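Ready for a few hands-on exercises? Have the sequence and the 3D view open, try each task yourself, then read the worked solution.

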Amino acid sequence: MDLALTILVEGLGYASYLFIVSLGLTIIFGVLKILNVAHGAFYAWGAYACAFLIGEFSTMGVSDLGTMVAIPIAALAVGLVLGSAIERTIIRNLYGRDEVIIVLATFGLFLVLEDVILLVFGVDPYFAFQPTLAIPGVQIGGIYQDGYKLTMIALSLAIGLVSWFVLNRTHWGKLVSAIIFDSDLAVAMGVNVRRVFYVVFVVGAVLGALGGAYIAPTISVSPGFGVEVIVLSFAVVVIGGMGSIGGAAIGALLVGLLRAYAVLQWPEIELFVVYAVMAAVLIFRPEGLFAPAKARKI
Amino acid sequence: MKSLRYAGVLGAGLAGVIALAAPMPVAAKDTVSLGIVAFLSGPAAGPYGVPGRNGAEMVIDAINKGTLPAPYGTKGFAGATVAAEYIDESGGNTKQVSEYRNLVQKRGVDAIIGYVSSGSCAAVAPVAEELQTLTVMSVCGTPRIFEEAPREYVFRTMSHATADNIAAAHYVKEMMPDVKSYTGINQNYAWGQDSWRDFSLAMTGLMPDAKVSDKPQFPKIFAGQYGSEISALSLDDAELVHSSFWGGDFEAFILQATPRGFFSQKKVVLTVGGVSAYRLGKRLPDGVAIGSRGPYGILVRDRDTPLNTWFIKTYRDTYGEYPSGAAYQYAQAILATKIAYDKAAEAAGSFPNEKQVREALTGLEFESFAAPVKMALGNGHQAVTEHMYGIVQWDEAAGELGLRDVKVYPAECVMPPADTTSVEWIEAGMPGAKC
């Protein structure tokens, strides 16, 4: 029982940050049809901005708990400023282009943004551990779990619910759904697709940055760490189905729980398990488990 | 568009002019050019690459000015000014081989010094032999460099990783004799796997009654997230945890395990914890045992010798912080090369050629900044030094990290003799070890 509980908590913890990052990646793909490799850079910029702000707030005498305000500030600042700038200057020139060009362009953008991090923040890793000290831990499954991780699970659950609500219960959600279903038809119906593209890209960038900002207090924020998350996020969205929000949630949960099971019970397969699941999905259901329905054009 | 669904897996140096019987320190060559390789970006830059480069830069500056303490106060390498070019070690082994070839074949450097990663060293060692270029490895740990093939052009001026893990086992036996079981968390590549192998083999010999866990953890290098691994180690009955984590992985592990009370629940020995000691400061938990890959960094901070005192003071004056292990290790490689040039020049009576420098470095014994170094293994190409471990204790009065129960293990205790490999020696019960 203790083991099952531990696998559940660890799996949810890992899935929660993956979900937040993958959600941004998958909605950008679903709406803009842009496979945004530069999404890992939003994650890294979010983490750096958050770690920097937490350090500044802490120096100013803000309490450990109070420094958590840096998380939304960093995510919004990075998402709004960097996301807007990139969409307006680069991404909008890629709409409708060949997939290979899009991947190469966003990969190049990722490399540039990673190097700009070195210019702005230097090579020394940043520590921003204060929030992890502020939230008390709890005993679950016979071991002590840190409270910060539990708040991350709650945050991703809230983001999942808000995403569902926005998509299914709001005017904007219906516009987005219409574009995902058939962007040509949406244009014909008078939807300002460019405006929706811009908003969705910025929201996706905010989510990528939020994933990085929330994880920053638990890691040594150092150059190059955005690579790992973009690979894992791709695995998540491939498993769940590219462009599917529900798929991102299920993909993240599968990856998180299977990885936790492997680490706790069968450490030898930990490196292999995530990609084995991805390969199995690609073999038996190449469009992913929850790929959105596609309009058939005649 | 369908294909997109699968896209997720997408010096110029010149030949030395030999002066005819010119007495030292007159140089027949104005400049010795060095390529110095260290992580200048990526997760290893902060803990290793930058302090390593700083240590090299500081010592080269002192060598060029002739301000190193006695007996190394002569200017330059055999009188020649040292010019250094710094290369980033990030980017993988293929890139390092390309960088190496570029330094030798296009930039024409006289020697290459550096490398932190065992992967980099293993990749460039055969290229150094092919291009016949003096290469002095400063940090990398894998014992395979000199155990798998004899080398003519490659040297390493510090002990290899076997010493870290044998010394760790000795320290556990000495300071934690009641330990009944142990496990480990090490990165899943050559460094982590070799470290765990050497530690568990040494523990089998030194503490045969201690039980080894059947679930040691090997997370991917640079994984960053260790929540599940910390839970697995917490649920494991093993009392002691061994880790050779380094760089950003090490720091992330400390930050994630500390709020979970991990370090009050388990005894922990961190073979390279000393490297990040100054960076983590109070966040490095009291009670953990740390090494620093030999007599370097925080482990020798209180060692009161003229060379060490100069090194610490100059480094602090220059960079505003204590020198960590990597600073010592890169500085040591530069110092060894200077001594070899000077010694070769003295023997030749003129500015030495490359072969004479290699001959002078082979089997060299010298007093380094913190401890004596003997190029004793690998036909005189692999150094041995003493090794140290201590237990972390925050010094509230001084407001800085300190160590207690520091133990020193002689090189002959923790490094294998010349006629055997590390694994064979440990498995044989470390015959002839002088502890």
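**Exercise 1: A buried alanine**

B:A202 is buried, since its relative accessible area is 0% and anything under 20% counts as buried. Keep in mind as you go that this is a predicted model.

Task: find out which helix holds B:A202 and which residues B:A202 touches, leaving out those up to four places away in sequence.

Solution.
- Step 1. Look for the helix: B:A202 sits in α6 of chain B, which covers residues 190-206.
- Step 2. List the neighbours, skipping residues up to four places away in sequence: B:A202 touches B:N165, B:I166, B:A169, B:I426 and B:M430.
- Step 3. Now try a distance. B:H242 is 40 residues from B:A202 along the chain, and their C-alpha atoms are 12 Å apart.

**Exercise 2: Two helices and a ruler**

Task: check whether the lengths of helices α5 and α11 of chain B agree with 1.5 Å a residue, and see which of their residues are buried.

Solution.
- Step 1. Start with α5(B), residues 161-175: its 15 residues should span 21 Å, and the end C-alpha atoms are 21 Å apart, so the two agree.
- Step 2. Check its cover. Twelve of the 15 residues of α5(B) are buried, so this helix is mostly covered.
- Step 3. Pick out some of them: the buried residues of α5(B) include B:N165, B:I166 and B:A169. You've met these three already, as B:A202 touches them.
- Step 4. Move on to α11(B), residues 306-319. This helix has 14 residues and reaches 20 Å from first C-alpha to last, close to the expected 20 Å.
- Step 5. Find the buried residues of α11(B): they are B:L307, B:N308, B:W310, B:F311, B:I312 and B:Y315. Their cover includes α1 (45-65), α12 and β11 (365-367) of chain B.
- Step 6. Look just past the helix: α11(B) is followed by B:G320, which has a positive phi near 75°.

**Exercise 3: Cysteine pairs**

Task: how many disulfides are there over all chains, and which cysteines of chain B do they join?

Solution.
- Step 1. Search the whole structure, and two disulfides turn up over all chains. In general, a disulfide is a covalent bond between the sulfur atoms of two cysteines.
- Step 2. Take B:C121 and B:C140, whose sulfur atoms are 2.0 Å apart. The angle about the S-S bond is -95°, and this link is left-handed.
- Step 3. Place both ends on the chain: B:C121 is in helix α3 (residues 118-131) of chain B, while B:C140 is in the loop between β4 (134-137) and α4 (144-147) of chain B. They are 19 residues apart, and the pair links distant parts of the chain.
- Step 4. Check exposure. B:C121 has a relative accessible area of 0% and is buried; B:C140 is also at 0% and buried.
- Step 5. Turn to B:C413 and B:C435, joined with an S to S distance of 2.0 Å. With 85° about the S-S bond, this link is right-handed.
- Step 6. Place these ends too: B:C413 is in helix α14 (residues 411-414) of chain B, and B:C435 is in the segment after α15 (422-427) of chain B, 22 residues away.
- Step 7. Is each end buried or exposed? B:C413 is buried at 0%, whereas B:C435 counts as exposed because its relative accessibility is 59%, and the cut-off for exposed is over 50%.
- Step 8. Number the bonded cysteines of chain B in sequence order, and the pairing reads 1-2, 3-4.

**Exercise 4: Into the core**

Task: which members of the largest nonpolar core touch the most other members, and which helix gives the most residues to this core?

Solution.
- Step 1. The largest nonpolar core has 184 residues, and those touching the most other members are A:L32, B:L34, B:F253, B:L284, B:I334 and B:F369.
- Step 2. Helix α12 (residues 325-348) of chain B gives the most, with 14 residues.
- Step 3. Zoom in on B:I334. Beyond its neighbours within four places in sequence, its contacts include B:L34, B:I36, B:V59 and B:F77.
- Step 4. Look for a second, separate core: this one has 32 residues, among them B:I166, B:A168, B:W196 and B:L240.

**Exercise 5: The largest pocket**

Task: what is the volume of the largest pocket, and which element gives the largest share of its lining?

Solution.
- Step 1. The volume is about 780 Å³.
- Step 2. Of the 30 lining residues, B:P43, B:S90, B:G91, B:G92 and B:F222 lie nearest the centre of the pocket.
- Step 3. The elements giving two or more residues to the lining are α4 (99-121) and α10 (226-240) of chain A, together with α3 of chain B. The largest share, five residues, comes from α4(A).

Technical notes
Residues are numbered from 1 along each chain as its sequence is written. Chains are lettered from A and ligands numbered from 1 in the order in which they are written. This is a predicted model: local features need pLDDT of at least 70, side-chain atom pairs count only at pLDDT 80 or more; totals for chains, interfaces and linings use all residues. Side-chain values use heavy atoms; hydrogens and water are left out. A disulfide is a pair of cysteine sulfur atoms within 2.5 Å. Buried means under 20% relative accessible area, exposed over 50%, partly exposed in between (1.4 Å probe, protein chains only). A nonpolar core is a set of buried Ala, Val, Leu, Ile, Met, Phe, Trp, Tyr and Cys residues joined through side-chain atoms within 4.5 Å. Contact means heavy atoms within 4.5 Å. The expected span of a helix is 1.5 Å times one less than its number of residues. On a 1 Å grid over the protein atoms alone, a cavity is a set of points where a 1.4 Å probe fits but cannot get out, and a pocket is an open set with protein on both sides within 12 Å along at least five of seven lines; lining residues have an atom within 4 Å of a point. Grid points are joined across faces, edges and corners, and a volume is the space filled by probe spheres set on the points.
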